[in-house]
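Reader: Hi, I have just opened this one and would like to talk through its charged side chains. Could you take me through them step by step?

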Amino acid sequence: MSRLRALWQASFNASKRALVWSSDDLMPPSERYIFNFNSKDELKRWHLYSDSEYGGLSSASLEITDSTAGADTSLTGVFSGNLSSDMSEDSTWRIRRYGFCGMRSKKFDGFIDLDAYDTIAMKIKGDGRCYISTIYTENWVNSPGQQEDNSWQAFVHTPQDRWQILKVKYNHSKSKICESL
């Protein structure tokens, strides 16, 4: 009897949640900052990498600088890299394609719930080249020997020497990045 009662209670609670709603449920969510380069402490949240880990000669750096736009002064995160297609002579790695650098956020406890959103926006200024933006999602079921999270990628075309808000749309139901706008 207790199993039947638990099943009935779960059904009742689900029905109650479906019928009880507030006007907030009808409003789209507001913007939410995930990363904001507004202090030097932000640097601790990022990991820089390059082919130097494998004997390459590329390098990467990230710094927080003051930027001025008109009368407005704010802090900005500046990622830069030096790409080299050369390998160190004493490298034990036999890599054929090298010359890369990048940055990624460090893993943190918990997760960022983005279910209410369908777009990730980035305010960027670059060198006019194309880059790849990767979003990692936690695997709920890993294959044997698989330790990595799922990753979804979108090409990011950076505007040269001007700020632009780039929007990357994604689809929750398909759990992937759809396109960059």
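Author: Gladly, and please keep in mind that this is a predicted model. A good place to begin is Arg45, which forms a salt bridge with Glu42, and the closest N and O atoms of that pair are 3.4 Å apart.

Reader: Is Glu42 buried or exposed?

Author: Glu42 is buried, because its relative accessible area is 5% and the cut-off for buried is under 20%. Its partner Arg45, by contrast, counts as partly exposed, with a relative accessibility of 35%.

Reader: Okay, and how many salt bridges does the structure hold?

Author: The structure holds three salt bridges, and the pair of Arg45 and Glu42 is one of them.

Reader: Which side chain meets Lys44 in a salt bridge?

Author: That is Asp41, whose side chain meets the one of Lys44 at 3.4 Å, taken from N to O.

Reader: Why does Lys44 count as exposed?

Author: Lys44 has a relative accessible area of 58%, and exposed means over 50%, so Lys44 falls in that class. Asp41, at 48% relative accessibility, counts as partly exposed instead.

Reader: Switching topic, what does Arg129 pair with?

Author: Arg129 pairs with Asp127, and their side chains meet in a salt bridge with an N to O distance of 3.5 Å.

Reader: And how accessible are Arg129 and Asp127?

Author: Arg129 counts as partly exposed at 44% relative accessibility, and Asp127 is likewise partly exposed, with a relative accessible area of 35%.

Conventions. Residues numbered from 1 in each chain as written. Predicted model: local features only at pLDDT ≥ 70, side-chain atom pairs only at ≥ 80, totals over all residues. Heavy atoms only, no water. Salt bridge = Lys/Arg side-chain N within 4 Å of Asp/Glu carboxyl O. Buried < 20%, exposed > 50% of the residue type's maximum accessible area, 1.4 Å probe, protein only.
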